Amino acid sequence: MTRARFPERPVVGFIGLGDQGLPMATAISEAGFPLHAWARRPTSLDGLAEVPHQRHDTLGELAAACDIVCLCVGTDDDVLQLADQLLEDLRPGAIVVNHGTGLPGNAVRLTELCAKGGVEVLDAPVSGGRPAARERRLTVMVGGPQTAAERCTPVFRSFSRHVMHLGDAGAGQTAKLFNNALLMMNQAAIAEIVELATRLELDVARLVEVLKLGSAASAALSLLNTMVRPDNVDHLSAVEALDMQLFDQAMRRAGIDSTPVTERGLAGAHGLTQLVHRLSA
């Protein structure tokens with residue numbers, strides 16, 4: 001099976017134009033990479049109207065045209081299903097990139113699936129949320145072959161401030177799960193401090209603003225009432241709880257008992273709504 005020489009300016013396909021995916025795809029196009037896109041709902045492609053891109057009616061058309069295909073979709077099942085269809089038309093030497101959050105074991109499974117067609121895989125989840133995606137300051141945590149990571153890094157840098165290659169398949173997902181777990185554990189700690197401050201009848205909103213400026217500052221603090229707001233906190237709380245379940249599954253599959261960390265993280269996820277509303281009162 002012959003592999004074509006990888007181009008200096010690869011053609012990039014993008015699937016998953018949601019809150020993070022759309023600004024990421026936009027940045028790729030604006031950085032000068034030829035952008036191709038497909039969506040289950042064609043109207044989702046309208047968000048790319050202001051940047052150069054090529055729309056495709058089928059996954060096969062997109063796969064045949066691209067050197068790199070980036071997936072930014074909801075679940076591992078979605079990723080595996082899309083990859084299975086893409087493989088019918090991807091060229092040997094192409095690279096599939098999963099920007100979503102999932103299990104390290106499924107990153108390995110995806111790698112094995114794509115290897116049958118001579119296609120390489122990177123698990124490259126991102127951290128920072130929609131605001132960071134729009135401002136092109138995401139952090140990309142990459143697992144997979146070093147050579148594939150190097151080829152994709154210029155694309156990743158179009159929407160990121162930091163790109164870190166962490167090891168073999170699954171390393172990126174492991175890092176993202178640890179990142180999410182620590183964020184939620186910090187949220188649990190913040191909620192406990194706010195509870196104590198409330199008992200002392202302090203102005204908790206002003207207290208949190210002061211803590212953001214001192215040595216207690218953290219991403220968990222800075223996100224409160226900025227990216228995490230009363231109008232979206234219920235949704236974000238539910239997403240965080242699902243992420244902690246993924247973390248627990250990953251640790252269990254690795255033979256590690258992470259119960260204290262999982263419970264602490266879930267406390268932070270489940271308590272997020274009350275925390276945000278308390279600070280907004």
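# A walk through a predicted model

Ala188, Ala191, Glu192, Val194, Glu195, Arg264, Ala267, Gly271, Gln274, Leu275 and Arg278 line the second largest pocket. Hi everyone, and thanks for coming. I started with that list since it gives us a spot to find on the screen. Please keep in mind that we are looking at a predicted model.

So, where in the fold do those residues come from? Three elements each give two or more residues to the lining of this second largest pocket: α7, α11 (259–270) and α12. The biggest giver is α7, with five residues. The space in the second largest pocket comes to about 170 Å³. If you sort its lining by class, you get five nonpolar, two polar and four charged residues.

Let's stay with two of those charged names, Glu195 and Arg278, both in the pocket lining. Their side chains meet in a salt bridge, at 2.7 Å from N to O. Glu195 sits in helix α7 (residues 171–199) and Arg278 in helix α12 (residues 272–280), so this pair ties together parts that are 83 residues apart in sequence. Are these two buried or exposed? Glu195 is partly exposed, at 27% relative accessibility, and Arg278 is also listed as partly exposed, with a relative accessible area of 27%.

How many salt bridges are there in the model? The count comes to eleven. Let me show you two others. Look for Lys212 and Glu209, where the closest N and O atoms are 3.2 Å apart in a salt bridge. Both belong to helix α8 (residues 204–213), and being three residues apart there, they are separated by about one helical turn. Glu209 is partly exposed, with a relative accessible area of 44%. While we are on the topic, here is one more thing about Glu195 and Arg278: salt bridges that share partners join them with Arg199 into one network.

The other one is between Asp67 and Arg91, whose side chains meet at 2.8 Å, N to O. This pair links distant parts of the chain, 24 residues apart: Asp67 is in the loop between α2 (59–65) and β4 (68–71), and Arg91 is in the loop between α3 and β5 (95–98). Asp67 is buried, with a relative accessible area of 12%. Arg91, at 33% relative accessibility, is partly exposed.

Now for the strands. Find strand β1 (residues 12–15). Val12 and Phe14 point one way, Gly13 and Ile15 point the other way, and all of them are buried. Which strands does β1 pair with? One of them is strand β2 (residues 35–37), which pairs with β1 in the parallel sense over three bridges. There, Val12 has Leu35 as its bridge partner in β2. Another is β4, joined to β1 by four bridges and running parallel with it. On that side, Phe14 stands opposite Cys70 in β4. Try tracing the chain from β1 through helix α1 (residues 21–30) to β2: together they make a right-handed β-α-β unit.

A similar tour works for strand β6 (residues 120–123). Both of its faces are covered: Glu120 and Leu122 on one side, and Val121 and Asp123 on the other, are all buried. Strands β5 and β6 run parallel and are joined by four bridges. In that pairing, Val97 stands opposite Leu122 in β6. The chain crosses from β5 through α4 to β6, and this β-α-β crossover is right-handed.

Helix α4 takes us to the last stop, which is a cavity. Rolling a probe the size of a water molecule over the atoms shows where empty space is left. How many cavities of 30 Å³ or more does the model have? The count is one, and the largest cavity has a volume of about 40 Å³. Its lining is made up of Asp76, Val79, Leu80, Asn98, Leu103, Asn106, Ala107, Leu110 and Gln173. The elements that give two or more residues to this lining are α3 (76–86) and α4 (104–115). By class, the lining of the largest cavity has five nonpolar, three polar and one charged residues.

If you take one picture away, let it be the pair we began with: Glu195 and Arg278, lining the second largest pocket and meeting in a salt bridge. Thanks for listening, and do rotate the model yourselves!

Terms used
Residues numbered from 1 in each chain as written. Predicted model: local features only at pLDDT ≥ 70, side-chain atom pairs only at ≥ 80, totals over all residues. Heavy atoms only, no water. 1 Å grid on protein atoms, 1.4 Å probe; cavity = no way out; pocket = protein on both sides within 12 Å on 5 of 7 lines; lining within 4 Å. Points joined across faces, edges and corners; volume = space filled by probe spheres on them. Nonpolar A, V, L, I, M, F, W, Y, C, P; charged D, E, K, R; others polar. Salt bridge = Lys/Arg side-chain N within 4 Å of Asp/Glu carboxyl O. Buried < 20%, exposed > 50% of the residue type's maximum accessible area, 1.4 Å probe, protein only. Pairing = 2+ DSSP bridges. Right-handed = clockwise from strand over helix to strand, strands pointing away.
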